[in-house]
Amino acid sequence: MNKKLALYIVLFITIFAFTVNAQEGKLVASVSKNKLGVNQRFRIQYTIDKQGADNFKAPNFTNFKIVGGPSQSVSQSWINGKMTFSQSYTYILQPKNKGEFNLPPASIEIDGETVQSNTLKIIVIDAVDVPQNPNDPDYIASQNIHLVAEISKTTPYVGEGIYVEYRLYFSENVGIYDNAITESPQYNGFWNQEVKRNGTPVKEGTYNGEKYRYAVLHKALLIPTKSGNLTIDPMKMDIVVAVPTGRADFFGNVITRQVRKEFSSTKKTVAVKSLPTLNKPENFNGAVGQFSFDVSLSKEILKANESSQIQLTVKGNGNLKLFELPKIETPKELEVYQPERKEDVSITSNGLNGSISNNYTVVPQYKGKYKIPSVSFSYFDPKDEVYQTITSDDLYVDVLEGKELATTTDNNAVVKQDVKVIGSNFRYIQTTTDLQPFSNSDFFKSTLFYVLLLLPIITIPIVILLNKKKEERDRDIVGNKQRTADRLAKKYLSEASKQLGNKEAFYEALERALHNYLKAKLKVETSDISREKISSLLQGKNVDTSTIQHFIDVLNDCDFARYTPIDNVQMNQEFEKAKQVITQLDKQL
């Protein structure tokens, strides 16, 4: 048994050593920023991903002054049976002059071979404004966190869909503990629709040439409804940031300090182009995108008074919800009802995608064959920048049975036709009867007589008892306020209760219910104002501080819960909490 165990250990060590040695070592150089002022500092780090490396040689930092380092760190971990290893050498440098400089490669020896790192380009510009204390937490937060609005296209046509995406970039130097949107962007001049997302995953990216992590906080589809320079106002957020203090604890872990800071995206301008007037079809109705068009008839052969369906359908990508379908023309002998509009549209990475249709119900009255003329549909293709027109084929309805359509050349002539019996509209006059004698009974001393006689005697005590109960209830002022508050809470939270179990929809409905309640009570729109303004409005109404704080906590929970995993138990607890808050507020307002 001991021999077998020893054999397994030797085999494991052999395979482990072979795996480690089989890896090719790579020395990678990275910097905290590629572009900086002549009075700023940056960090350069050299990382080797293989054990056994030695004799590290840094390059000659000719145009830079070493203000910190070198510091060395080692990291090793096992994940799913796979080992990862890294060894790093870090320097803090400050440029001596302005200009563009190439940092030469560093080198290290691995298994008797010398491995070199990649070269890096650093751009040094004029001195920038920096605070007297470079370790100021607000300054560190502003340098390491950026709220950015990115637009997919800045010069669309009217009716052409674009995307705006709000990204929060943050470096590895800081941590984010909490965030809340204090001012939502306004999309004046755009039809807009929020794009639903599955969570808020953190991704790797670059901002101004530097490596950052980022999360997409909000994404919306925008369709401009008019031409000209349209502006998108900034989004504003309050973020709790953990910034390093420059000190470490006993175990060498960096000590951080939490600060709350407001961040804002920049105002964006979209230059919307008008649709060209050259070769514009007369029947163009505002459709922009790439579409197909079809007109179909459910039944071509039928009888009089039977119905058939004419369906006009547009499919494709574009502003499907922002234009009207063309109308059909039918012979006057066909009775046509108002169309029923159907939409099957979803938001994809290409914009609005799906189909819209109008369904016409047609009922013929006379026998014959009738022609439904062709229908044309025109749209503008923003990719090819041309108008396209699609024309359907003529349709024919063949009515085999029914009344004959009277025809005459004399407009004043009266055409005589035989009366036809249809259903039960006309009947023959009956010549015999089948009458029965009508029986009548006296009301006096009947069952109904005694019931009506005793009814007042029974009803009066019941009415007196109910009035006493009502008076007692009216005198219960506290109870009446409680019942009224409970009814209001149920009224405003009814939509949220229907969405329990659906996290995104539940928290949107819950937040909307809280704002609708305040709007009804305070006669002011609260969905677009900050939490602090809401608190001051409630304080002006002499609402308790604890009740105000509970209300703000529920609003903050609605924002925070969309980006964290939540189960049904937590949603039920949040619902009850919101119900109690509305009840408490209504007692005081």
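User: What share of the 589 residues in the protein chain is buried?

Analyst: The structure is a predicted model. A residue counts as buried when its relative accessible area is under 20%. In the protein chain of 589 residues, the buried share is 34%.

User: How many helices and strands does the protein chain have?

Analyst: Helices and strands are both present in the chain. Among the helices are α8, with 17 residues, and α9, with 21 residues. The count for the protein chain is nine helices and 30 strands.

User: Why does the distance between the end C-alpha atoms of helix α9 agree with its number of residues?

Analyst: Helix α9 covers residues 568-588, which makes 21 residues. The expected span is 1.5 Å times one less than the number of residues, so helix α9 should span 30 Å. The end C-alpha atoms agree with this, as they are apart by 31 Å.

User: Which elements are included in what covers the buried residues of α8?

Analyst: Helix α8 comprises residues 545-561. Its buried residues include Ile548, Phe551, Ile552 and Leu555. The cover over the buried residues of α8 includes β13 (175-183), α6 (503-522), α7 (531-540) and α9.

User: What accessible area does the nonpolar patch containing Leu453 and Leu454 have together?

Analyst: Leucine 453 belongs to helix α3, residues 447-475. On the surface, Leu453 joins Tyr450, Leu454, Ile457, Ile458, Ile462 and Leu466 in a nonpolar patch. Together, the accessible area of these residues is about 730 Å².

User: Which residue in β30 stands opposite tyrosine 370?

Analyst: An open sheet of three strands follows the order β22-β30-β27, with mixed pairing. Its edge strands, β22 (301-302) and β27 (368-372), each pair on one side only. Strands β27 and β30 run antiparallel and are joined by five bridges. Opposite tyrosine 370, in β30, stands valine 397.

User: Is glutamate 385 buried or partly exposed?

Analyst: Glutamate 385 is placed in the loop between β28 (376-381) and β29 (386-391). Its phi is positive, about 55 degrees, although the residue is not a glycine. Most residues other than glycine have a negative phi. With a relative accessible area of 44%, which lies between the cut-offs of 20% and 50%, glutamate 385 is partly exposed.

User: Is asparagine 542 buried or exposed?

Analyst: Asparagine 542 lies in the loop between α7 and α8. Its phi is near 65 degrees, a positive value in a residue other than glycine. The relative accessible area of asparagine 542 is 65%, and the cut-off for this class is over 50%, so asparagine 542 is exposed.

Technical notes: Residues numbered from 1 in each chain as written. Predicted model: local features only at pLDDT ≥ 70, side-chain atom pairs only at ≥ 80, totals over all residues. Heavy atoms only, no water. Helix = DSSP H or I, 4+ residues; strand = E, 2+ residues; numbered from the N terminus. Buried < 20%, exposed > 50% of the residue type's maximum accessible area, 1.4 Å probe, protein only. Contact = heavy atoms within 4.5 Å. Patch = residues over 30% accessible without salt bridge, like charges linked within 9 Å, V, L, I, M, F, W, Y side chains within 5 Å. Areas by Shrake-Rupley, 256 points an atom, 1.4 Å probe, with all protein chains shown as cover. Salt bridge = Lys/Arg side-chain N within 4 Å of Asp/Glu carboxyl O. Pairing = 2+ DSSP bridges.
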